[in-house]
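Open the structure in a viewer and set it to cartoon. The tour below gives one selection after another, with a note on what each one shows.

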Amino acid sequence: MSITITTSNVNGIRAAKRKGIETWAAQHTPNVWCMQEVRAPQTEIDPIFDEFAFEYATAGAIDAQDGLDRTNEVCRIKGRAGVALLTDLKVDDRRYGLPGLAEDVDSGRWIENDITTPAGNPLTVVCVYVHAGNTDDPVKMEQKYRFLDTMLKRMGELRDEAANGGRQAVLCGDFNIAHTPADIKNAKANEKHAGFLPEERAYVDRWLDEYGFMDVTRRLAGEIQGPYTWWSQRGRAFDNNVGWRIDYQFATPALAQSAIDFTIDKAPSYDTRWSDHAPLTITYDY
């Protein structure tokens with residue numbers, strides 16, 4: 001019995017709403033939808049999520065009375081970050097924030113849902129938005145590395161729980177790191193830019209090699225160039241497919257090995273995009 005999990009950086013939920021994100025929701029209705037950079041107050045998020053629930057119900061994906069379960073955290077700095085997790089599956093527990101970080105700049109970047117799949121399997125889904133960083137701003141790079149360091153402890157806990165017969169786990173989100181030259185169009189030109197620094201990429205190495213998580217898209221796509229999930233708004237990066245792969249689903253082994261398909265839903269043209277990121281959806285036969 002398969003489930004679909006989507007991660008998408010919406011680049012501002014209100015702007016995405018104006019550009020037609022609800023049409024995408026009606027056409028795809030993923031079982032779990034992780035969003036990053038929601039960047040809105042709760043009073044404006046709620047009616048948009050109500051519309052998503054309406055679209056799901058109209059598409060027959062949920063019963064109108066049941067609605068969609070919603071978990072979200074607004075960043076305590078106005079107009080920044082913000083993450084959300086919508087699901088039509090049973091939610092057993094929810095947690096807010098990355099344990100160990102309490103600064104305002106780190107809020108709205110990490111939420112967790114413990115869910116039960118239709119087949120009765122327990123699963124932890126984490127929605128993550130890692131700091132972008134900026135090599136011209138040491139403070140922003142320090143914030144990014146602090147977040148990445150703190151992630152390691154929680155990832156170790158999730159790994160250990162899965163390895164000991166507990167919940168499998170998947171981390172979904174915009175990690176703001178292109179892992180290898182296959183994940184970025186112009187690798188050489190970006191070696192000194194945030195998002196492709198050797199020090200950043202080493203964290204992904206650790207997640208895969210030391211912590212045992214699997215990059216599910218790469219497992220399914222194979223060793224090809226891309227597929228990219230983000231394109232700069234500058235120049236003709238989108239039209240020329242000059243992109244970065246920075247949106248991922250990192251899963252514990254049993255869940256990762258159950259993945260059967262993935263889609264990166266790149267818009268057909270620049271003017272039909274509702275974000276500078278494309279949604280990444282993975283189907284798990286779990």
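**First sheet and its helices**

Begin by selecting residues 32-36 and 83-87: these are strands β2 and β4, which pair antiparallel through five bridges. The model is a predicted one. Within this pair, show Gln36 of β2 and look across to Val83, its bridge partner in β4.

Now widen the selection to the whole sheet. It is open, has six strands in the order β3-β4-β2-β1-β14-β13, and its pairing is mixed. At the edges are β3 (69-73) and β13 (259-264); each has a single partner strand, so one side of each has no neighbour in the sheet. From one strand to the next the twist averages 10 degrees.

Add residues 42-58, helix α3. Helix α3 lies across β2, β3 and β4, and runs at about 150 degrees to β3.

Next add residues 21-28, helix α2. The axes of α2 and α3 come within 8 Å and cross at roughly 35 degrees, and the crossing is right-handed. To see the contact, show side chains for Ile21, Glu22, Ala25 and Ala26 on α2, and for Glu51, Phe52, Glu55 and Tyr56 on α3. By class, this contact holds five nonpolar and three charged residues, with no polar ones.

**Second sheet**

Move to the other six-stranded sheet, also open and mixed in its pairing, with the order β5-β6-β7-β8-β12-β9. Its edges are β5 (90-96) and β9 (214-215); each of these has a single partner strand, so one of its sides is left without a neighbour in the sheet.

Select residues 122-129 and 168-174, which are β7 and β8: they run parallel and are joined by seven bridges. Val125 stands opposite Val170 of β8.

Then select residues 138-163, helix α4, which lies across β5, β6 (110-116), β7 and β8. Relative to β8, helix α4 runs at about 155 degrees.

**Pockets**

Turn on a surface. Which residues lie nearest the centre of the largest pocket? Select Ala132, Gly133, Asn176, Ala194 and Trp230; they belong to a lining of 24 residues. The volume of this pocket is about 650 Å³. Coloured by class, its lining shows six nonpolar, eleven polar and seven charged residues.

For the second largest pocket, with about 240 Å³ of space, select Trp24, Asp265, Ala267, Thr272 and Trp274, the closest to its centre among 20 lining residues. Helix α2 contributes four residues to this lining, the most of any element. Here the classes are eight nonpolar, seven polar and five charged.

**Two backbone details**

Most peptide bonds are trans, and most residues other than glycine have a negative phi. The last two stops are departures from these patterns.

Select Gly226 and Pro227: the peptide bond between them is cis, with omega about -5 degrees. Pro227 sits in the loop that runs between α6 (216-221) and β10 (230-231).

Finish at Asn11, in the loop between β1 (3-9) and α1 (13-18). Phi of Asn11 is positive, near 55 degrees, although the residue is not a glycine.

How values were computed:
Residues numbered from 1 in each chain as written. Predicted model: local features only at pLDDT ≥ 70, side-chain atom pairs only at ≥ 80, totals over all residues. Heavy atoms only, no water. Pairing = 2+ DSSP bridges. Helix = DSSP H or I, 4+ residues; strand = E, 2+ residues; numbered from the N terminus. Contact = heavy atoms within 4.5 Å. Axes fitted to C-alpha atoms, helices over the stretch in contact; angles between N-to-C directions. 1 Å grid on protein atoms, 1.4 Å probe; cavity = no way out; pocket = protein on both sides within 12 Å on 5 of 7 lines; lining within 4 Å. Points joined across faces, edges and corners; volume = space filled by probe spheres on them. Nonpolar A, V, L, I, M, F, W, Y, C, P; charged D, E, K, R; others polar. Left-handed = near helix turned anticlockwise from the far one by under 90°.
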